[in-house]
Amino acid sequence: MAQEDSNVIDQPEVLRHKMVSIEISGKKYEVPEGITVIKALWHTGQEVVRGAGCLGGFCGACATYYRTKDDPKVRTCLACQMAVEDGMSFTIMPPFPARKALYDIQSLKDPKQDLFNLYPEAPLCRNCNACTEACPQKIDVREGVWKAVFGDFKSVSEMFMDCVMCGMCTPVCIADIAPNLVALYVSRAQGAHFTEKPLGLDIRIKEIQDGRFNDEWNKVLAMSEQQLADHCATVK
Amino acid sequence: MDIHALQQIVHQTRDARRKQTIPKFSPADRDQLIHKYHPDYRASAYRPIRFGPNADDQTVVELAALLEGDSSIPEHIDLTPHYTTDVLVVGGGGAGCAAALHAHATGAKVILATKLRLGDSNSVMAQGGMQISVAPEDSPVTHFLDTLKGGHMQNDHELLKVMVEEGPSIAKWLIELGVLFDRQADGNLHVKKGGGSSKPRLLTCSDYTGLEIMRVLKDEVLNQKIQLLEFCAAVELLSDENGQCTGAIFKDLDNHRHVVVAAKSVILATGGIGRLHIQGFPTSNHYGATGDGLCLSYRMGAKLDHIDTFQYHPSGAVYPEQLIGALVTEGIRSEGGHLVNAKGERFVNELDTRDVVSSSIIRECEEGRGIRTMSGRIGVWLDTPLLDAEHGPGTVEKHFPAMMMQFERFGIDISKDPVLIYPTLHYQNGGVKIDANSETNVKNLFVAGEASGGLHGRNRLMGNSLLDLMVFGKRSGLTAASRALSMPQGKLTVNHLQQFRAEAKKHGNSSGVISPMILPAYTRKEAERTATK
Ligand SMILES: Cc1cc2nc3c(=O)[nH]c(=O)nc-3n(C[C@H](O)[C@H](O)[C@H](O)COP(=O)(O)OP(=O)(O)OC[C@H]3O[C@@H](n4cnc5c(N)ncnc54)[C@H](O)[C@@H]3O)c2cc1C
Ligand code: SF4
Ligand code: SF4
Ligand code: FES
């Protein structure tokens, strides 16, 4: 895809040279110990388009299922934030066709009630806790779903501040709930409807409209470069 | 020595350091420091661009090669459009989403095309916050002056005034969409102090400001049913017989087909260049930060501004290996975290501007006061446990949950152990030159966000980028949409390419690379594999 030949990501001199055996989507490969799961994909010659986004643990594009040596438990991780280890086996999660409700957040009349129209499956949670176990951000997702249903929107918005929308809580849900989408709706409703309006902000907007800073602007914008530099130096 | 042993000096010197105040550099000392140590002044990394709108201007060799690169599009290509729209937005980060939403709100037809998924961008990673002068003791004029000072007085005054004045109404817009900014007890917006700012002015959503804004904007783009083309990378723009912009050609990354979009105007919101790894630096940027918008605009004849200056964020992670280049938020320094060298000494006022702090870290390391990891990297300490010592146990965890989690995954507790950092390639200070409506000198070609240039001068102040995205995303969207109502769709040609190629030929041909780059070449090739075995 690109033309650069120098691969700055895994400069050989900075890698510990111990190699480990891993399995990617069922195939065995040898890669340097400790590199991230995404780098292991590159290392084994795979082009990554779907499955990588921010590379910083924020976008959720790299949702991955993995298992460590001899452990039956399949876990989840963000591939850009997880180091490989010997005997590890992993597969990047494909996109999951969850249903997102459409709404006009500002014109909602009764957001706590509207939740049940938009996501009628939300109250059908069967408490299996699979969503919580699947969350790589360690959010108590199950608890969040219940809090949403009981109208505690504030707690939900706080609990899901870490949510990277990787969607790993969704395919595991036996009640076909997409907890992250429910939480997103709830958080937006919390922000738009149940949070105090910041008065200072309105005052500042009005001050600007009324030209309260015009004199100061005129003074500053009329300055020569030198005057402006001197003036800036006085701002502490 | 292992990292743990090396760390001890930070713990031992903490109490003594707490009593110290480190003055900021005088203007003369600061200039001297920057000229000696800042990567922007490493002459060997630069060369003049041979041809095009910025012929003879200096930039880094990595970017020069791409700007002089050739298009992947042949001159005789079928340009029958697959889609037709009023406004075509390219890029799904903050600037792209804001542009699309505002254009759509006027009733214009909008298509948003992006290289990866909607939101896979630098914008989701912004942790530090967004500068808006909302505090009573602050003002847009002070915001203007701080930014100017940080930008070495090189900022475009008109763009800057627009940004600082529209800031508060942007905050209102975001709050109405449901963005959860941190609040004070009285319900007003909580503001933090950022590096280089004279007043507390950073609006935050814990340390997830960009993520929170992007979750909301993405959701809104979907709610508004704006047409999306995901995994579509713009590879060329289209022009009419007068050289005005009339659309773009994309490469669908799933099936490798070309997609032609006819548009009355195009807004490029393609973001930055970190993945070019300028001068070999690691980067904090997302996978697709390859400067595509610069190449596309340049071939159309758009002039670039300040493309010789880049921001190296002072605190990129150096250890553990897996986090190389990842950002350690400036918030840590805003809350009083010290930078400490191998001798246990502070060496710079931690809240000085980024270029100053980065230069001084490079100085410490080049003069032998850095800390070397076992894998051969070098850096200085950022004393994170100090925050708990100063403000009470649990402070780090409460204020920086994202960062706690990032390091915890590798078994490091940053509230107990300091982190090792070194400057990381972070931001493109310059970009495509725009006017106050975000339009370039090519008619109907708009550029918004990090891809644009002029606003930030030679050094962007922390937190000003998120505001830039929202303000100029909005302005580009509104201007493009209002114009669309009163104009016909122009012809679709690649005439500008013919001209660009002729110009290249005159100057000894293109650089030999195909641009834009689209994604960095991290996939190892067979030859390399055998070589390292
Ligand atoms: C780790 C990190 C932390 C930061 N913290 C802060 C902060 O606290 N405060 C602040 O103000 N700023 C911060 N910044 C800077 C700020 O986040 C970015 O400058 C800003 O997000 C850029 O927004 P954008 O919309 O211009 O580009 P991006 O958000 O990067 O979006 C660009 C989009 O364009 C797409 N794209 C690129 N090329 C093409 C192509 N050829 N075709 C189609 N689509 C394409 C990309 O896939 C992406 O979706 C930070 C940056 C980083 C990397
Ligand atoms: S709540 Fe769901 S979408 Fe959000 S981070 Fe956890 S698993 Fe991913
Ligand atoms: S997975 Fe579904 S059913 Fe199970 S706890 Fe979570 S939301 Fe409830
Ligand atoms: S690539 Fe964004 S979270 Fe991993």
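# Close-up views of a predicted two-chain model

**View 1. The shell around ligand 3 in chain A.** By class, six nonpolar, two polar and two charged residues make up the shell around ligand 3, here in a predicted model. Four cysteines belong to the residues around this ligand, namely Cys125(A), Cys128(A), Cys131(A) and Cys173(A). The isoleucines Ile174(A) and Ile177(A) also lie around ligand 3. The charged members are Arg126(A) and Arg142(A), and the polar ones are Asn127(A) and Asn129(A).

**View 2. Two asparagines with positive phi beside ligand 3.** Asn127(A) and Asn129(A) are both among the residues around ligand 3. Asn127(A) is located in the loop that runs between helix H2 (111-118) and helix H3 (130-134) of chain A. Although Asn127(A) is not a glycine, its phi is positive, at about 60 degrees. Asn129(A) is likewise placed in the loop between H2 and H3 of chain A. Its phi is near 75 degrees, again a positive value in a residue other than glycine. With a relative accessibility of 40%, Asn127(A) counts as partly exposed. Asn129(A) is also partly exposed, at 27% relative accessibility.

**View 3. The hairpin of strands S1 and S2 in chain A.** Strand S1 (residues 19-24) and strand S2 (residues 27-32) of chain A pair in the antiparallel sense, over six bridges. Within this pairing, Ile22(A) has Tyr29(A) of S2(A) as its bridge partner. The two strands form a hairpin with two residues between them. In the turn, Ser25(A) has a positive phi of about 45 degrees. S1(A) has a covered face formed by Val20(A), Ile22(A) and Ile24(A), whereas Met19(A), Ser21(A) and Glu23(A) form the uncovered face. Why do the two sets of residues interleave along the strand? In a regular strand, side chains alternate between the two faces of the sheet.

**View 4. Strand pairing around S3 and S5 in chain A.** Strand S3 (residues 63-67) and strand S4 (residues 75-78) of chain A pair in the antiparallel sense over four bridges. Tyr65(A) has Thr76(A) in S4(A) as its bridge partner. S3(A) also runs antiparallel to strand S5 (residues 89-92) of chain A, and four bridges join the two. Here Thr64(A) is partnered by Ile92(A) of S5(A). S5(A) pairs with S1(A) as well, in the parallel sense and over two bridges. At this pairing, Glu23(A) stands opposite Ser89(A) in S5(A).

**View 5. Helix H6 of chain B, from its cap to the glycine that follows.** Helix H6 of chain B covers residues 157-177. At the N-terminal end of H6(B), Asp156(B) acts as a cap, with a side-chain oxygen 2.9 Å from the backbone nitrogen of Glu158(B). Further along, H6(B) bends by about 45 degrees at Gly167(B). A proline, Pro168(B), follows the bend residue within four residues. What span should the 21 residues of H6(B) have at 1.5 Å a residue? They should span 30 Å, and the end C-alpha atoms are 30 Å apart, which agrees. H6(B) is followed by Gly178(B), which has a positive phi near 110 degrees.

**View 6. Asn122 of chain B and its polar contacts.** Asn122(B) occupies the loop between strand S4 (110-113) and strand S5 (130-131) of chain B. Is this asparagine buried or exposed? Asn122(B) is buried because its relative accessible area, 19%, is under 20%. Its side chain is joined to that of Asn285(B) by a polar contact of 3.5 Å. Another polar contact of 3.5 Å joins the side chains of Asn122(B) and Glu450(B).

**View 7. Two cis peptide bonds in loops of chain B.** Tyr319(B) and Pro320(B) are joined by a cis peptide bond, with omega about 0 degrees. Pro320(B) is found in the loop between strand S12 (310-317) and helix H9 (331-334) of chain B. The peptide bond from Ser515(B) to Pro516(B) is cis too, and its omega is near 0 degrees. Pro516(B) is placed in the loop between helix H15 (495-506) and helix H16 (526-532) of chain B.

**View 8. Ile249 in strand S9 of chain B.** Ile249(B) belongs to strand S9 (residues 245-252) of chain B. With a relative accessible area of 0%, Ile249(B) is buried. Its C-alpha atom is separated by 8.7 Å from that of Ile73(B), and the two residues are 176 residues apart along the chain.

Terms used. Residues are numbered from 1 along each chain as its sequence is written. Chains are lettered from A and ligands numbered from 1 in the order in which they are written. This is a predicted model: local features need pLDDT of at least 70, side-chain atom pairs count only at pLDDT 80 or more; totals for chains, interfaces and linings use all residues. Side-chain values use heavy atoms; hydrogens and water are left out. The expected span of a helix is 1.5 Å times one less than its number of residues. The bend at a residue is the angle between axes fitted to the seven residues ending there and the seven starting there. A polar contact is a pair of N or O atoms within 3.5 Å; within protein, one must be able to donate a hydrogen and the other to accept it, and residues adjacent in sequence count only if both atoms are side-chain atoms. Two strands pair if DSSP finds at least two bridges between them. A residue is near a molecule or strand if one of its heavy atoms lies within 4 Å of it. Buried means under 20% relative accessible area, exposed over 50%, partly exposed in between (1.4 Å probe, protein chains only).
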